[in-house]
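This briefing is meant to be read alongside the sequence and the model. Please keep both in view while going through the points below.

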Amino acid sequence: MSSFVASSSKLCRFRASSPASTIGSRHPRSVARALSSHAYSPTPSPSQTRAGPSTATSTSTSTATATATAISSPSDIEAVTTTPNFTDAEKELVDSIIRVDQAGELGANWIYRGQKWAMDLKGDKVTSKQVEEMWENERHHLTTLAHLQTQHRARPTLLYPLWQAMAFGLGASTGLMGKEAAMACTEAVETVIGEHYDDQLRAIEPLLSPKDGSTPHPSIPLMANILREFRDDELEHLDTAVEEGAQKAPGHSLLSAVIGFGCKAAIKVCEKV
Ligand SMILES: [Fe+2]
Ligand SMILES: [Fe+2]
């Protein structure tokens with residue numbers, strides 16, 4: 001089997017042994033664990049929902065961060081409004097991470113949109129529902145990345161429309177090929193993204209533990225927690241794809257290699273553009 005399959009299997013095993021992945025095996029885990037990303041868009045409690053829409057529907061960063069402070073967050077780190085004191089290199093690193101991840105989450109949303117369109121067209125309601133569940137995670141990821149991008153004033157990718165079109169095309173075409181091909185697409189994408197989130201976590205380690213012994217700005221450990229959370233979500237999608245027959249797709253090795261290469265190329269482009 002291809003090295004890609006070995007890689008995705010390794011990621012599956014990694015997730016299985018990860019401390020963050022001990023709560024169940026499918027989507028309920030995402031609900032049960034504390035979500036650092038809710039520091040930006042907290043899930044309102046029933047009483048807060050009854051209080052009116054003002055706390056749940058704001059989109060500006062200042063309002064969102066103030067809301068995060070006002071509402072008890074499941075995370076032990078809250079979003080803040082102060083400015084980190086980054087060097088130019090640190091700022092460039094953080095901007096690059098946010099730009100790539102925002103573009104990646106945009107792509108994931110449009111891949112799932114394309115797959116759901118194809119599944120609905122084919123009348124495959126079961127797979128359509130599975131795709132919808134994973135898409136729901138991606139919506140949350142994209143919303144959180146938008147808050148991060150605004151808070152850190154990171155420049156978004158200039159190629160937004162291109163990624164949208166390419167991702168929808170990828171999702172729709174693999175969806176039209178069949179359920180297994182759609183799942184192979186998800187397996188390939190999530191393998192690359194899971195590894196990439198790990199690379200980013202390694203890259204920001206120096207910001208989490210400054211050499212001078214100073215305390216990192218709260219936005220950095222919060223960002224690290226969000227990267228871990230999203231990595232685990234992506235690896236959960238990877239698990240789902242494998243369980244649902246990704247590796248039975250016709251031409252699986254070739255499909256995986258091509259999609260994986262495309263994802264890595266897109267990451268490289270987004271780091272700069
Ligand atoms: Fe995602
Ligand atoms: Fe995902």
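Throughout, two residues are said to be in contact if their C-beta atoms, placed from the backbone, lie within 7 Å. By that criterion, and not counting residues up to four places away in sequence, Ala184 touches Thr174, Ala246, Ala249, His252, Leu255 and Ser256. This is a predicted model, in which local features need a pLDDT of at least 70 and side-chain atom pairs count only at pLDDT 80 or more, while totals for chains, interfaces and linings use all residues. Residues are numbered from 1 along each chain as its sequence is written, and chains are lettered from A and ligands numbered from 1 in the order in which they are written.

**Confidence**
- The pLDDT, which is the predictor's confidence in each residue on a scale from 0 to 100, averages 78 over the protein, and 73% of the residues score at least 70.
- Among the elements, helix H8 (residues 179–203) has the highest mean pLDDT, 94, and helix H4 (residues 61–70) the lowest, 35.
- The pLDDT is below 50 over residues 12–31, a stretch with 24 contacts in the model beyond near neighbours in sequence; it is also below 50 over residues 45–74, where the corresponding number of contacts is 37.

**Overall organisation**
- The protein has 11 helices and zero strands, these elements being DSSP runs numbered from the N terminus (helices: H or I, at least four residues; strands: E, at least two).
- Of the 273 residues, 43% count as buried, where a residue is buried if 20 or more other C-beta atoms lie within 10 Å of its own, exposed if 12 or fewer, and partly exposed in between, with C-beta atoms placed from the backbone.
- Among contacts between residues at least 6 apart in sequence, 81% join residues at least 24 apart.

**Nonpolar core**
- The largest nonpolar core, meaning a set of buried Ala, Val, Leu, Ile, Met, Phe, Trp, Tyr and Cys residues joined through C-beta atoms within 7 Å, has 51 residues, and those with the most contacts inside it are Ile111, Ala184, Cys185 and Val189.
- At least two residues of this core come from each of helix H5 (88–122), H6, helix H7 (160–177), H8, H10 and helix H11 (252–272), with H5 supplying the largest share, 12 residues.

**Annotated binding site**
- An unreviewed UniProt entry lists Glu105, Glu138, His141 and Glu234 under "binding site"; UniProt positions are given in the numbering used here, feature names are shortened, and annotations may be inferred rather than shown by experiment.
- Although these residues span 130 residues in sequence, no two of their C-alpha atoms are more than 10.3 Å apart, so they gather at one spot.
- Glu138, found in helix H6 (residues 125–151), counts as buried with 23 C-beta neighbours inside 10 Å, and beyond four places in sequence Glu138 touches Glu105, Ala108, Asn109 and Tyr112.
- Glu234, which lies in helix H10 (residues 219–243), counts as buried with 29 C-beta neighbours inside 10 Å; leaving aside neighbours within four places in sequence, Glu234 is in contact with Glu190, Ile193, Gly194 and Tyr197.

**The two faces of H11**
- In H11, the residues His252, Leu255, Ser256, Ile259, Gly260, Cys263, Ala266 and Cys270 are buried.
- These buried residues cover an arc of only 125° around the axis, which puts them on the same side of H11, the arc being that of the directions from the helix axis to the C-beta atoms.
- The face of H11 turned away from the buried side carries the exposed residues Leu254, Ala265, Lys268 and Lys272.
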